[in-house]
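Ready for some practice in reading a protein model? Work through the exercises below at your own pace, and try each task before you read its solution.

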Amino acid sequence: MISMSELNTTTEYGKVTLTKGDINKAAFRYMFMACNTFNYQTQQGPAVVYGLEKSLRKIYKNDDDYIASLNNHFKYFNTTTWMGNLLLGSSLAMEVKDGRSSLEAVQAFKTGMMGPLAGVGDTLIWVLYPTIMGSIAAYMGLEGSPVGAIIWLCLNIFFLFFRFKLFHIGYHSGLKLVTALGSKLSVFTEAASIMGLTVVGALIPAVVNVHVGLTFSSGEVELPIQSEILDKIMPSLIPAALTIVLYKMISSKKISIISIIFLVIAFSLVLSFFGILKV
């Protein structure tokens with residue numbers, strides 16, 4: 001264990017400069033391993049160490065300081081990987097500025113912010129983006145247009161580069177950007193959720209196709225149930241009702257997504273065979 005006086009004579013913190021290449025390498029290494037080394041004890045901790053260790057070696061010339069920093073980053077860490085880029089960039093900036101004396105503050109910062117930022121990241125990245133853009137791309141595909149798939153591919157390429165940018169934003173902004181967002185994260189998440197629900201709700205009539213094939217007959221009178229009864233009550237009533245039922249089944253967590261998919265397929269085949277539903 002070295003003393004603080006020995007530390008000050010071995011390393012001059014605040015004078016180390018990480019290049020754009022160093023930051024890009026840290027971002028790439030973290031993104032590549034964020035899920036590959038995931039475990040139930042420290043979760044993304046090993047990925048953080050793998051991502052930052054090259055930059056930390058440049059910051060800490062003293063072996064004891066370097067090991068202390070690595071051990072600090074091996075602790076529990078878990079957030080949406082996009083938001084992780086922002087946090088880890090800020091953490092590197094703190095260690096570049098204050099060295100080993102910043103380790104406690106770095107850990108407190110990561111622990112305090114990974115939860116709120118995960119809420120934003122999960123809402124935007126894992127729910128809204130694939131649901132909205134995936135639905136639009138799928139609908140275009142159903143209509144025979146390849147444009148949806150091309151847009152989906154281009155967006156993913158764009159967001160890959162944007163994730164590198166987030167690491168740079170975190171590094172150059174330090175704590176300012178993240179802490180400034182702190183009080184507004186819950187409001188932003190709620191607003192994004194409302195927008196996503198609105199868009200997804202609007203897509204239901206176009207994407208979910210359920211048509212009743214039965215016709216009510218009495219003498220010479222024939223009354224199609226779908227067009228003359230259900231559509232008169234509310235257009236797309238059956239697709240909306242089916243979506244609600246499936247959502248309730250998913251949210252109950254009593255049946256897996258795969259089981260629900262096969263259940264819908266079997267249900268559709270049986271009802272179509274008897275003419276209750278039609279394409």
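Let's begin with an overview. The protein has twelve helices and four strands, and the model you see is predicted.

**Exercise 1. Find what share of the residues in the protein is buried.**

Solution. Start with the total: the protein has 279 residues. Of these, 36% are buried. Next, turn to the outside: about 16,500 Å² is exposed, and 68% of that comes from carbon and sulfur atoms. Finally, look at contacts between residues at least 6 apart in sequence: 71% of them join residues at least 24 apart.

**Exercise 2. Check whether the length of helix α2 agrees or disagrees with the expected span.**

Solution. Helix α2 covers residues 20–33, which is 14 residues. The expected span is 1.5 Å times one less than the number of residues. For α2 this gives 20 Å. The C-alpha atoms at its ends are 20 Å apart, so the two values agree.

Now ask what the helix packs against. Its buried residues are D22, I23, A26, A27, R29, Y30, M31 and M33. They pack against α3 (45–59), α5 (81–98) and α7 (147–173).

**Exercise 3. Decide whether T80 and Q41 are buried or exposed.**

Solution. Take T80, which sits in the loop between α4 (63–73) and α5. Buried means under 20% relative accessible area. T80 has 3%, so it is buried. Beyond its neighbours within four places in sequence, T80 touches L117, A118, G121, D122 and W126. With A118 there is a polar detail: a polar atom of the T80 side chain lies 3.3 Å from the backbone oxygen of A118.

Then take Q41, in the loop between α2 and α3. The cut-off for exposed is over 50%. Q41 reaches 67%, so it is exposed. Along the chain, Q41 and Y76 are 35 residues apart, yet their C-alpha atoms are separated by 7.1 Å.

**Exercise 4. Find which helix gives the most to the nonpolar patch on the surface.**

Solution. First list the members of the patch: I250, I257, I258, I261, F262, I265 and L269. Together they have about 690 Å² of accessible area. Next, look for the main contributor: helix α12 (residues 257–273) gives the most, with six residues.

Why might a helix place several residues on one side? An α-helix has 3.6 residues a turn, so residues three or four places apart point the same way.

Last, classify one member, I265, which lies in helix α12. Partly exposed falls between the cut-offs of 20% and 50%. The value for I265 is 42%, so this residue is partly exposed.

Definitions and conventions: Residues numbered from 1 in each chain as written. Predicted model: local features only at pLDDT ≥ 70, side-chain atom pairs only at ≥ 80, totals over all residues. Heavy atoms only, no water. Patch = residues over 30% accessible without salt bridge, like charges linked within 9 Å, V, L, I, M, F, W, Y side chains within 5 Å. Areas by Shrake-Rupley, 256 points an atom, 1.4 Å probe, with all protein chains shown as cover. Salt bridge = Lys/Arg side-chain N within 4 Å of Asp/Glu carboxyl O. Helix = DSSP H or I, 4+ residues; strand = E, 2+ residues; numbered from the N terminus. Buried < 20%, exposed > 50% of the residue type's maximum accessible area, 1.4 Å probe, protein only. Contact = heavy atoms within 4.5 Å. Polar contact = N/O pair within 3.5 Å; in protein donor to acceptor, adjacent residues only side chain to side chain.
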